[in-house]
Amino acid sequence: MAIKSILIINKSGGLVYRRNLSNDESLNSNDYLIVASTLHGAFAIASQLTPKALQLSESPLTSKIDYTIPYIPYVGLPRTGANTTEKSRFSSSSSNNLGTTNSLGSFKGSDYFKEPFQSWNKSGIRQICTDQFTMFIYQTMTGLKFVAISTQTPSSVTNSEYSTISVQIADNLLRKIYCLYSDYVMKDPFYSMEMPIKSECFDCRLKQMVSNLP
Amino acid sequence: MSSSSSLGGHSKSLRLAGEDIWKNKTEKVNGELFTLMYGSIVSQLCRDYQRCFPKVNDQLYTMGYNIGVRLIEDFLARTALPRCENMIRTSEVISKCAFKIFLNITPQVSNWSTDKNAFSLVLVENPLSDFVELPMDAMKQLWYSNVLCGVLKGALEMVQLDCDVWFISDVLKGDPQTEIRVKLNRVLKDEIPIGED
């Protein structure tokens, strides 16, 4: 699952961050702004449209839906990161120019988190599949949306269960990007809330994380 | 593997979750460094405002608010806790997870109002006020750790809980205990992100 681009949309529907990770640049920055706010609108509409069966069953059936995302080990971390010591993490992170000793910022250990977690996005869009790409959306409790566009297409998916697994992988990845955001954007005194993100550290870390994906 | 599903349940597992995140998932710094840094900020503010302590309180509150609206993202990214269904749950998350992760203390929750919308956090120990003794003129007016109120206010507002947060007593002022009051005004329903219900 190669990622083509990562977008971050603030709670009012504005695009605050966009990073293209492949070379084919077809849209200009204005188009991306429109894409982001359209996505924000479509998300709101989608959550208002619920199948009649779910509406009629009220709480008993809807509460049975499991929103737990399983923890998938070391998504977006160096392959060597799996069950190794601190030492190898230093060597793998030595390629970046940040000069930090700890590759996970304020997070300790070999991965950002190690438990399954609940998705906050319960009735909005979580995945959009097209013939050219697949889009994954992760929304936080504060209303921030993280969007990943991957090169995965229906034809490249052979296993029927693969689709749900890739949502889970995407949610794991996007929660880690949220961790990066909380570390490198929220703790930047020059960043003003809701405004476009211009942080070299964040950029660098995000690129590194996405390039670690298979 | 089962720890996340139990996060939705009992308060005991909430405490365990908070402890685990503090212990294994969060980088540590020397606590004294933090205490002294805060001390230097407060003393600088007292100088800047020419010992007009109500102004210092306000400024600390504003600084706390600005910290809180950002810190909530760190907290949520770290814990990924689901939305709290009531203030009882909120109070537990604050005392057992939030204070534990960021300050390594667990305040006691007490003095519930009858409608269960207001509670007190009793800080048995307060790392901000270590090594501190208030000068005579500040004793009556300055809430030394007022930044905490601002942090709570800002962070709760970002998860759509409009609260009032203020200090009731402080051991630095000679009171028997340090107590922060949190009162829920209303849940900002319109602002809850779409797609969560």
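Visitor: What makes Asp111(A) and Lys176(A) a salt bridge?

Guide: A salt bridge needs a side-chain nitrogen of Lys or Arg within 4 Å of a carboxyl oxygen of Asp or Glu, and because the closest N and O atoms of Asp111(A) and Lys176(A) are 3.0 Å apart, the pair satisfies that limit. This salt bridge links distant parts of the chain, 65 residues apart, with Asp111(A) in the loop between helix H3 (86-93) and strand S4 (117-118) of chain A and Lys176(A) in helix H4 (residues 162-185) of chain A; helices (H or I, at least four residues) and strands (E, at least two) are DSSP runs numbered from the N terminus. The model is predicted, with local features requiring pLDDT of at least 70 and side-chain atom pairs pLDDT 80 or more, while totals for chains, interfaces and linings use all residues, and side-chain values use heavy atoms, without hydrogens and water. Residues are numbered from 1 along each chain as its sequence is written, and chains are lettered from A and ligands numbered from 1 in the order in which they are written.

Visitor: Why is H4(B) described as it is relative to H5(B)?

Guide: The axes of H4(B) (residues 53-79) and H5(B) (residues 87-103) come within 11 Å and cross at roughly 100°. Since angles of 65 to 115 degrees count as roughly perpendicular, H4(B) is therefore roughly perpendicular to H5(B).

Visitor: Which residues bring H4(B) and H5(B) together?

Guide: With contact meaning heavy atoms within 4.5 Å, Leu71(B), Asp74(B), Phe75(B), Arg78(B) and Thr79(B) of H4(B) meet residues of H5(B) that include Val93(B), Cys97(B) and Phe102(B).

Visitor: How much area do chain B and chain A bury between them?

Guide: Counting the accessible area (1.4 Å probe) that two parts lose on being put together, summed over both, chain B and chain A bury about 3000 Å², 54% of it on carbon and sulfur atoms. On the side of chain B, Lys25(B), Arg70(B) and Glu73(B) lose the most area, together 23% of what that side buries. The contact takes 31 residues from chain B and 41 residues from chain A.

Visitor: How do you know that Asp74(B) and Lys187(A) meet in a salt bridge?

Guide: Their side chains come to 2.7 Å, N to O, which is within the limit and therefore makes the pair a salt bridge. The count between chain B and chain A is two salt bridges. Helix H1 (3-7), helix H2 (11-24) and H4 of chain B each supply at least two residues of the side that touches chain A, and H4(B) gives the most, with nine residues.

How values were computed:
Axes fitted to C-alpha atoms, helices over the stretch in contact; angles between N-to-C directions. Parallel < 35°, antiparallel > 145°, perpendicular 65-115°, else oblique.
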